[in-house]
Amino acid sequence: VTIAGGIRRLALSFRNLAMPRVDADLKLDFKDVLVRPKRSSLKSRSEVDLQRTFTFRNSKQTYNGIPVIAANMDTTGTFEMAQVLSKHMLFTAIHKHYSLEDWKKFAATSPDCLEHVAASSGSGQADLEKLCSILEAIPGIKYICLDVANGYSEHFVEFVKTVRSKFPNHTIMAGNVVTGEMVEELILSGADIIKVGIGPGSVCTTRIKTGVGYPQLSAVIECADSAHGLKGHIISDGGCSCPGDVAKAFGAGADFVMLGGMLAGHDQCAGEITEKNGKKVKLFYGMSSDTAMKKYVGGVAEYRASEGRTVEVPYRGDVENTILDVLGGLRSTCTYVGAAKLKELSRRTTFIRVTQQSSNMFT
């Protein structure tokens with residue numbers, strides 16, 4: 001008995017040691033795979049239906065549209081972007097820096113867009129007060145995007161619960177996280193759609209500054225499995241650099257795909273068009289960058305580091321052309337695997353590991 005008790009105490013002492021561990025299971029990104037084609041009865045891309053219908057677990061609200069979302073960055077999550085995307089049944093997460101007066105003007109001039117937009121918020125008290133004022137003034141807004149860099153904090157979980165209690169019939173997007181257990185935690189706390197992605201964005205430097213992250217394809221596969229088991233949904237947020245990546249995200253099980261960099265540089269993006277070396281460019285930056293923090297909070301606080309890049313992207317004209325390119329690529333993916341509806345794509349997708357995506361001869 002004494003020996004057995006000693007062994008138990010020893011085992012407990014080892015368990016309590018904060019030992020680092022290595023998860024050696026293979027984790028993949030969009031660049032690591034291609035989609036294997038399959039026999040198809042589809043004759044044309046025009047036969048593919050990209051619209052999805054979802055009923056959300058907690059809000060009980062029904063969504064219908066093409067589940068591609070403009071990211072709630074202040075350059076892409078604009079009212080102008082929403083006006084164009086909504087014509088194609090696409091969604092826009094409006095950035096949190098618009099005033100109540102800005103929202104009222106948008107609601108008055110573009111009431112038909114309201115069913116395809118979300119009002120965004122951080123997790124501070126001032127954020128909550130502003131969110132409440134917007135949602136109370138404009139009852140047509142039915143979607144809320146609760147967005148923080150680190151969705152793993154207990155404070156954020158409690159914030160989600162608070163927003164759910166105040167707005168029981170609104171659909172709540174919340175994140176960002178990359179693991180199944182936190183997806184489940186947020187869904188059970190009142191969120192309907194979980195934003196998945198830490199560090200994959202084109203102007204995000206979180207992985208460089210913190211060493212924290214998760215390859216996006218694997219994150220989507222694992223988080224979708226956890227969410228769908230609870231009748232929740234996920235957004236693949238970040239990591240898409242071309243229409244093929246959007247298709248891979250949907251193939252991996254994402255219900256929605258959020259785009260930032262792919263929608264940057266257009267007329268509908270905030271910021272002036274400038275010239276550099278004879279070419280037109282627009283500014284694009286991460287919301288944790290020096291640029292964003294100087295713009296909204298006076299600079300980077302001394303206790304933190306900037307976790308975003310500021311870049312000049314080529315001016316790309318009207319976003320309509322990019323939208324049609326993305327949707328055309330997605331329809332083509334569906335024809336390659338025999339998916340008549342976007343809903344069928346994940347069931348028809350087999351990924352194959354590759355060492356090269358495409359030829360770089362003429363880049």
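**Contacts, spaces and strands in a predicted model**

Modeller: In this predicted model, the side chains of Q61 and Y143 make a polar contact at 3.2 Å.

Biologist: Why is the pair of Q61 and Y143 side chains called a polar contact?

Modeller: A polar contact needs N or O atoms within 3.5 Å, one able to donate a hydrogen and the other to accept it. The value for Q61 and Y143 is 3.2 Å, so the pair falls within that limit.

Biologist: How do you know whether Q61 is buried or exposed?

Modeller: Buried means under 20% relative accessible area. Q61 has 14% relative accessibility, so Q61 counts as buried. Q61 lies in the loop between β2 (52–55) and β3 (62–65).

Biologist: K60 is in the loop between β2 and β3 too. What makes K60 exposed?

Modeller: The cut-off for exposed is over 50%. K60 has a relative accessible area of 61%, and therefore it is called exposed. Its phi is near 65°, a positive value in a residue other than glycine.

Biologist: Which residue in the loop between β12 and β13 has a positive phi although it is not a glycine?

Modeller: That is N277, with a phi of about 55°. N277 has a relative accessible area of 75%, so N277 is exposed as well.

Biologist: How do you know that β12 and β13 pair?

Modeller: Two strands pair if there are at least two bridges between them. Three bridges join β12 to β13 (residues 279–285), so the condition is met. The two strands run antiparallel, and K276 stands opposite K279 in β13.

Biologist: What makes β12 and β14 edge strands?

Modeller: The open sheet has three strands in the order β12-β13-β14, with antiparallel pairing. β12 (274–276) and β14 (310–314) each pair on one side only. From one strand to the next, the twist averages 55°.

Biologist: Why is α9 described as mostly covered?

Modeller: Seven of the nine residues of α9 are buried, and buried means under 20% relative accessible area. Among the buried residues are D245, K248 and F250. α9 is followed by G253, whose phi is positive, near 115°.

Biologist: α9 also helps to line the second largest pocket. What makes that space a pocket and not a cavity?

Modeller: A cavity is a set of points where the probe fits but cannot get out, whereas a pocket is an open set. The second largest pocket has a volume of about 390 Å³. Its lining has 17 residues, and L34, V35, G244, K248 and T333 lie nearest its centre. β1 (33–35), α9 (243–251) and α11 (319–337) each supply at least two lining residues, and α11 gives the largest share, five. By class, the lining has seven nonpolar, six polar and four charged residues.

Biologist: How many cavities of 30 Å³ or more does a search of the whole structure find?

Modeller: The search finds one. The space in the largest cavity is about 50 Å³, and α11 gives the largest share of its lining, three residues.

Biologist: Which class do most residues in the lining of the largest cavity belong to, nonpolar or polar?

Modeller: Seven are nonpolar, one is polar and none is charged. The lining includes L85, L259, T322 and I323. Leu and Ile count as nonpolar, while Thr is not listed as nonpolar or charged, so T322 counts as polar.

Key: Residues are numbered from 1 along each chain as its sequence is written. This is a predicted model: local features need pLDDT of at least 70, side-chain atom pairs count only at pLDDT 80 or more; totals for chains, interfaces and linings use all residues. Side-chain values use heavy atoms; hydrogens and water are left out. On a 1 Å grid over the protein atoms alone, a cavity is a set of points where a 1.4 Å probe fits but cannot get out, and a pocket is an open set with protein on both sides within 12 Å along at least five of seven lines; lining residues have an atom within 4 Å of a point. Grid points are joined across faces, edges and corners, and a volume is the space filled by probe spheres set on the points. Helices (H or I, at least four residues) and strands (E, at least two) are DSSP runs, numbered from the N terminus. Axes are lines fitted to C-alpha atoms, for helices over the stretch in contact, and angles run from 0 to 180 degrees between N-to-C directions. Buried means under 20% relative accessible area, exposed over 50%, partly exposed in between (1.4 Å probe, protein chains only).
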